[in-house]
Amino acid sequence: MGVSGPFPSFAGTPDGPVMGREEVDRALAKLAAEHEAIESSLLALQDHAGRRLLEGAELTGVTKDRWSTTEQAISLLWSYFDAYTEALTRAREVRSRHRWPTQDELAELTELLCGTAITLPSSATLGGSPLLSEELGLDRLVDRMNRWYAEALDVIVSADAVWSALPARIDMLSAELHRTRSLAHSVGVRPGEHPSGDDLEQITAELTALRAEVVSDPLAFWKPASGSSAPGGGSPDTERYDRAARALEDVRREIEAVLDVRQDAERRLMRLRDVLSRADRTLAEARQARGEVLAKIAASEVPAVSGPPTALHEQLVAAADYRRRSQWHRLSPLLESLEQRADDELLRARESLTAVTAPLAVRAELRGRLDAYKAKVARHGMAEDPFLVERYDVARRMLWSAPCDLRAAEQAVLRYQQAAAEALVPRQTGPAGQGIEGGTE
């Protein structure tokens, strides 16, 4: 509700010691207008929603102290207004006696309008005056009323601005907090079990305390505008509210991350089972291959193969149990750890298989090279050459016998390659020195 501005000050000072008739009439007309403006301002102040809230609230702190003084000021404002009204009524009565006032009437009117003929009750609690009463003129009376009115209006408007802004925002944030707590509870984020659960408890306590303080002591949350003297110049202090809002937003993001885990938990668990199953199969294949290498390859250093990742399987069982019990806040970090370690385990199993089967790969390469040279010799019509047949049979017996001595077998293959190359040189056509296709290895 709007409140009128400061009361207009009296400006009807006469030129001489006694006012003339026209001066009196002008002063009375101005006083009547001022009286109406003062009354409107006081009525607006009386009906202001902030004043009614202050009267009905259980106040504390700064607001309690300032409102106690303000209530006295408002009461005195009405007393002063009554004195102002009485002085104006008396002046009107004197002026209405004659159309042309006498000199005594003009002197009396001059005293009423420009003198100190108004007796007022003491305002010691506001102005520090020790007097039981004091006498003022209309101009000083209006100046004092202006000052008290501005101070009272500042208290009322500031408190009303805080009450209009902060409690509603706190209530909206509390509603969001309630939704977040319900969501957190559904995913197992509870106080004492998860840091975000503890944070929610702290935010709840802070908002409860903040709202109670704002309601009982709104002026403690008011920041006056720098350099402004206008009533209500400033803005509500929202620092504590903003801090709580940021903390709740951080918790909400954490809860959303846990929700993402809940939605993708089954897919991620299935992938983990698949990765660990492949790692197990690869390790089993590596162990089988190691036995084969030890049986078929002589004098070969074959690395040992580790057993299945028992710890990872146990943690996978625990993860599935967390999902079954909807303990998403525990499942979230465990899944992240398991996914990385499972991928590492599969890579390790593949590297182990590669390392174990390396001798078999070497034997297979030597067998392929031996057969390739035999085919090349056959294309040139020398498949029945006794020397080449003998060299081939020696190399073949070494490569197809168990256990196979890879070093000796490799030397036998190289001797066969060299013999084949030497036997085929006279049969080559083309530029001299071109050599047999493929050469020797």
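**Close-up 1. Surroundings of the buried residues of helix 12 in the predicted model.** The buried residues of helix 12 are covered by elements that include strand 5 (297–298), helix 10 (328–379), helix 11 (386–399) and strand 6 (404–405). The residues of helix 12 that are buried are L406, A409, A412, V413, Y416, Q417, A419, A420, A421 and L424.

**Close-up 2. Length and N-terminal cap of helix 12.** Helix 12 runs through residues 406–424, and because its 19 residues at 1.5 Å a residue should span 27 Å, the separation of 27 Å between its end C-alpha atoms agrees with that expectation. At the N-terminal end of this helix, D405 acts as the cap, with a side-chain oxygen lying 3.3 Å from the backbone nitrogen of R407.

**Close-up 3. Packing of helix 2 against helix 6.** Helix 2 (residues 49–56) packs with helix 6 (residues 138–186) at an angle of about 85 degrees, the two axes being 8 Å apart, and the helices are therefore roughly perpendicular to each other. Helix 2 contributes A49, G50, R51, L53 and L54 to the contact, while helix 6 contributes V155, I156, A159, D160 and W163. Sorted by class, this contact comprises 7 nonpolar, 1 polar and 2 charged residues.

**Close-up 4. Environment of K296 in helix 8.** K296 belongs to helix 8, which covers residues 239–296, and the residue counts as partly exposed because its relative accessibility is 30%. When neighbours within four places in sequence are left aside, K296 is in contact with R363, S401, A402, P403 and C404. Of the pair K296 and S401, the C-alpha atoms are 7.8 Å apart in space, although 105 residues separate the two in sequence.

Terms used. Residues numbered from 1 in each chain as written. Predicted model: local features only at pLDDT ≥ 70, side-chain atom pairs only at ≥ 80, totals over all residues. Heavy atoms only, no water. Helix = DSSP H or I, 4+ residues; strand = E, 2+ residues; numbered from the N terminus. Expected span 1.5 Å × (residues − 1). Buried < 20%, exposed > 50% of the residue type's maximum accessible area, 1.4 Å probe, protein only. Contact = heavy atoms within 4.5 Å. Polar contact = N/O pair within 3.5 Å; in protein donor to acceptor, adjacent residues only side chain to side chain. Axes fitted to C-alpha atoms, helices over the stretch in contact; angles between N-to-C directions. Parallel < 35°, antiparallel > 145°, perpendicular 65-115°, else oblique. Nonpolar A, V, L, I, M, F, W, Y, C, P; charged D, E, K, R; others polar.
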